[in-house]
Amino acid sequence: MATLLVKNIHTLVTMDAARRELRDAALFVRDGVIEAVGTLAEMPTQTADTVLDAAHHVVLPGLVNTHHHMYQSLTRALAQDSELFGWLKTLYPIWSRLTGEMVYVSAKLAMAELMLSGCTTSSDHLYIYPNDVRLDDEIRAAQEIGIRFHAARGSMSLGESAGGLPPDRVVEREDAILRDTRRLIEQYHDANRHAMLRVVVAPCSPFSVTRDLMREAASLARSYGVSLHTHLAENDNDIAYSVQQFGYRPGDYAEDVGWVGADVWHAHCVKLDSAEIGLFSRTGTGVCHCPSSNMRLASGIAPVRQMLDSRVKVGLGVDGSASNDAAHLLNEARQAMLLQRVGGNPAALSAREALEIATRGGAAVLNRDDIGALAPGMSADFVAFRLDTHAFAGATHDPVAALVFCASPQVDFSVINGRLVVQDGQLLTLDLPVLVEDHNRLSRHLINGE
């Protein structure tokens, strides 16, 4: 079995049950699982296969990204001044030209960006399947780059002619959606602890699928014991559509179609009211907060403080690279902290609370008990940032808060499932310059319709 020792850690943020922050600490990993956390003297006496010295680092659990659309890295900085519905209507025709190769390459690029910003686990919501696109394209990318991955089989079935938002040419038949979702679960989903790959059932949104599909998708997911994910209550138009089409606010609609519970999480939830927040709290339903996307599209400020105070599970997401337009997850924690303060309360969300949302919170939202904290028995997913850099200059008296308050740095090293995947700030699992060149070529083809 492979072993790994990280020693002389300047500051170790465990996010364990006691939220301990340790100085001059050490971690010992065996076969992808954390075996010991504490001082160097408390580590196993055997010589580890790999030893990392972190005397100039702050080490923390790998960040967990709970909502993304990775293919959108191909179409950044478009529809620059649009709200959600107008933005989607601009981009749907472009995305209709996606190919399997484009989805594979864009997923790798998005995963690389996430990993370099401190992410070790990501979900992705792929809901558009034109041409030869399959969710398998993203799964292959995740397996090759080495990220822990929750592949969400999204879908759109309600085209414009039937009262939905997307053009008819990018929607699928509902029987085909359910059949392919079942295939993916049976082929790829790993329910075991420390799983590197799980499958999620994820119709896109209330304005792009039917009520029947929402109900059937929930039934299918629960028959296999997998999680459910969709968009909900993102902006005012989203609320108006829900009330007009269903006679319900989004939270009530979610309850009506069986989309509340500990196995469900919803992206955005910017416009949830107090009753809906109470519903989510009672049922254990999770929320993914996407602050940069919500600001970019002028959707509003999600009531994260109220959600946390009501004990709603809240995680963090970068959202799609065409509405963010980046995938720096540590920066997203910073944005979450700052955005909650905009209303006038400078203590509305602390730096440590933002980090907790990005780690433990994300793990809870994904319904996992093996990531998000550094303790014996947890998956060996952790990242390290160098303190002797410009980003932390003047803030080393509190390096934990500095992670969120100061300039968002790139990781110095990253370990996922006990495997070193980033070292000295460089990805070890791919050639990034070659990937960027390939990605830009495909982006030009997609945007220009070549």
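**Cavities and pockets in a predicted model**

Arg153, Ser155, Ile177, Leu178, Thr181, Val201, Ala202, Pro203, Leu213 and Ala217 line the second largest cavity. Strand S8 (148–155), helix H4 (174–188), strand S9 (197–203) and helix H5 (211–224) are the elements that each give two or more residues to that lining. I start with this list since the talk is about empty space inside a protein, and please keep in mind that what you see is a predicted model.

How much space lies in this second largest cavity? About 30 Å³. Sorted by class, its lining has seven nonpolar residues, two polar ones and one charged one.

Before going on, a word on the chain as a whole. The chain holds 14 helices and 17 strands. Its C-alpha trace spans about 65 × 45 × 40 Å along the principal axes. A compact globule of 450 residues would have a radius of gyration near 22 Å, and the chain has 21 Å, so the two agree. Of those 450 residues, 61% count as buried. As for contacts with a separation of 6 or more, 75% of them are between residues 24 or more positions apart. On the outside, the accessible surface comes to about 16000 Å², and 49% of that belongs to carbon and sulfur atoms.

Now back to the empty space. Rolling a probe the size of a water molecule over the atoms shows where such space is left. How many cavities of 30 Å³ or more does the count give? There are two. You have already met the second largest one, with Ile177 and Leu178 among its lining residues.

The largest cavity contains about 130 Å³ of space. Its lining is made of 15 residues, and those nearest its centre are Leu84, Leu88, Tyr127, His231 and Glu234. Which element supplies the largest share of this lining? That is helix H1, residues 84–95, with four residues. By class, the lining of the largest cavity has seven nonpolar, six polar and two charged residues.

Next, the pockets. The largest pocket has a volume of about 360 Å³. It is lined by 20 residues, and Arg19, Glu356, Arg360, Gly361 and Ala364 lie nearest its centre. Three elements each supply at least two lining residues: helix H10 (304–309), strand S13 (313–316) and helix H12 (351–365). H12 has the largest share, at seven residues. On your screen, Glu356, Arg360, Gly361 and Ala364 are a place to start looking, along with Arg19. By class, this lining has nine nonpolar and nine charged residues, with two polar ones.

The second largest pocket holds about 190 Å³ of space. Of the 15 residues in its lining, His189, Arg198, Gly225, Ser227 and Asn367 are the closest to its centre. Which strand gives the most to this lining? S9 does, with three residues. S9 is also one of the elements giving two or more residues to the lining of the second largest cavity, where we began. In the second largest pocket the classes come out as five nonpolar, five polar and five charged.

To recap the volumes, the cavities have about 130 Å³ and about 30 Å³, and the pockets have about 360 Å³ and about 190 Å³. For the linings, H1 has the largest share in the largest cavity, and H12 has the largest share in the largest pocket. That is all I have.

Notes: Residues are numbered from 1 along each chain as its sequence is written. This is a predicted model: local features need pLDDT of at least 70, side-chain atom pairs count only at pLDDT 80 or more; totals for chains, interfaces and linings use all residues. Side-chain values use heavy atoms; hydrogens and water are left out. On a 1 Å grid over the protein atoms alone, a cavity is a set of points where a 1.4 Å probe fits but cannot get out, and a pocket is an open set with protein on both sides within 12 Å along at least five of seven lines; lining residues have an atom within 4 Å of a point. Grid points are joined across faces, edges and corners, and a volume is the space filled by probe spheres set on the points. Ala, Val, Leu, Ile, Met, Phe, Trp, Tyr, Cys and Pro count as nonpolar, Asp, Glu, Lys and Arg as charged, and the others, Gly among them, as polar. The radius of gyration is taken over C-alpha atoms; the globule rule is 2.2 Å times the number of residues to the power 0.38. Buried means under 20% relative accessible area, exposed over 50%, partly exposed in between (1.4 Å probe, protein chains only). Contact means heavy atoms within 4.5 Å. Accessible areas come from the Shrake-Rupley method with a 1.4 Å probe; for residues, only the protein chains shown count as cover.
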